[in-house]
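Work through these short exercises with the model open beside you. Try each task before you read its solution.

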Amino acid sequence: MFHFLNPLTPSDFNQKTEFLIEGFIPKHLITMIYADGGMGKSWLAMALAKYAAQQGMTVAYLDYDNPMNVLKERGIEQKLIQACSNLHYSHRSKTELQPPCYARRT
């Protein structure tokens, strides 16, 4: 019926988790970091992105939250965009994608 579903087998439980950042960011998984506003999530994301880029990883940073004036205040241009050629910073101001509540209705 569901040909795309593959049931787990006992051998699946022998897999070892690989990490991008040892003991913190696992490979091939989605990692969500959450906290109240003003707790430092964006600063942590920036630090992780810069660290990964400095380790030679190619980084895609998707920022669909912070307005441009906040990016300017935080020095994103110098600290990330100019400092890391292998870090690709994408911002909502440069995309046509909109959150569902702002999507045009036809």
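The exercises below deal with a predicted model.

**Exercise 1. The core**

Task: Find which residues form the largest nonpolar core, and which helix or strand gives the most to this core.

Solution:
- Step 1. List the members. The largest nonpolar core has 12 residues: Met 46, Ala 49, Ala 52, Ala 53, Val 59, Tyr 61, Leu 71, Ile 76, Leu 80, Cys 84, Leu 87 and Tyr 89.
- Step 2. Place them. At least two residues of this core come from each of helix 1 (41–54), strand 3 (59–63), helix 3 (76–82) and strand 4 (87–91).
- Step 3. Pick the top supplier. Helix 1 gives the most, with 4 residues.
- Step 4. Recall the general trend. In soluble globular proteins, nonpolar side chains tend to be buried together.

**Exercise 2. One core residue and its contacts**

Task: Leave out residues up to four places away in sequence, and say which residues Leu 87 touches.

Solution:
- Step 1. Start from the core list. Leu 87 is on it.
- Step 2. Read off the contacts. Leu 87 touches Ala 49, Lys 50, Ala 53, Val 59, Tyr 61 and Leu 80.

**Exercise 3. The aromatic pair**

Task: Classify the pair made by the rings of Tyr 61 and Tyr 89.

Solution:
- Step 1. Know what to look for. A pair of aromatic rings is described by the distance of the centres and the angle of the planes.
- Step 2. Count. The structure holds 1 aromatic pair.
- Step 3. Take the values and apply the cut-off. The ring centres of Tyr 61 and Tyr 89 are 4.6 Å apart and the planes are at 10 degrees, so the pair is stacked. Planes under 30 degrees apart count as stacked.
- Step 4. Locate the partners. Tyr 61 is in strand 3 and Tyr 89 in strand 4, 28 residues apart, and the pair links distant parts of the chain.
- Step 5. Check burial. Both Tyr 61 and Tyr 89 are buried.

**Exercise 4. Buried, partly exposed or exposed?**

Task: Classify Leu 8, Phe 2 and His 28.

Solution:
- Step 1. Recall the cut-offs. Buried means under 20% relative accessible area, exposed over 50%, and partly exposed in between.
- Step 2. Take Leu 8. This residue lies in the segment before strand 1 (19–21). Its relative accessibility is 65%, so Leu 8 is exposed.
- Step 3. Take Phe 2. This residue is also placed in the segment before strand 1. Its relative accessibility is 47%, so Phe 2 is partly exposed. With Phe 4 and Leu 5, Phe 2 makes a nonpolar surface patch of about 360 Å².
- Step 4. Take His 28. The loop between strand 2 (25–26) and helix 1 holds His 28. Its relative accessible area is 75%, so His 28 is exposed. His 28 is not a glycine, yet its phi is positive, about 65 degrees.

Definitions and conventions
Residues numbered from 1 in each chain as written. Predicted model: local features only at pLDDT ≥ 70, side-chain atom pairs only at ≥ 80, totals over all residues. Heavy atoms only, no water. Core = buried A, V, L, I, M, F, W, Y, C linked by side-chain atoms within 4.5 Å. Buried < 20%, exposed > 50% of the residue type's maximum accessible area, 1.4 Å probe, protein only. Contact = heavy atoms within 4.5 Å. Phe/Tyr/Trp six-rings, centres within 6.5 Å; stacked < 30°, edge-to-face > 60°. Patch = residues over 30% accessible without salt bridge, like charges linked within 9 Å, V, L, I, M, F, W, Y side chains within 5 Å. Areas by Shrake-Rupley, 256 points an atom, 1.4 Å probe, with all protein chains shown as cover. Salt bridge = Lys/Arg side-chain N within 4 Å of Asp/Glu carboxyl O.
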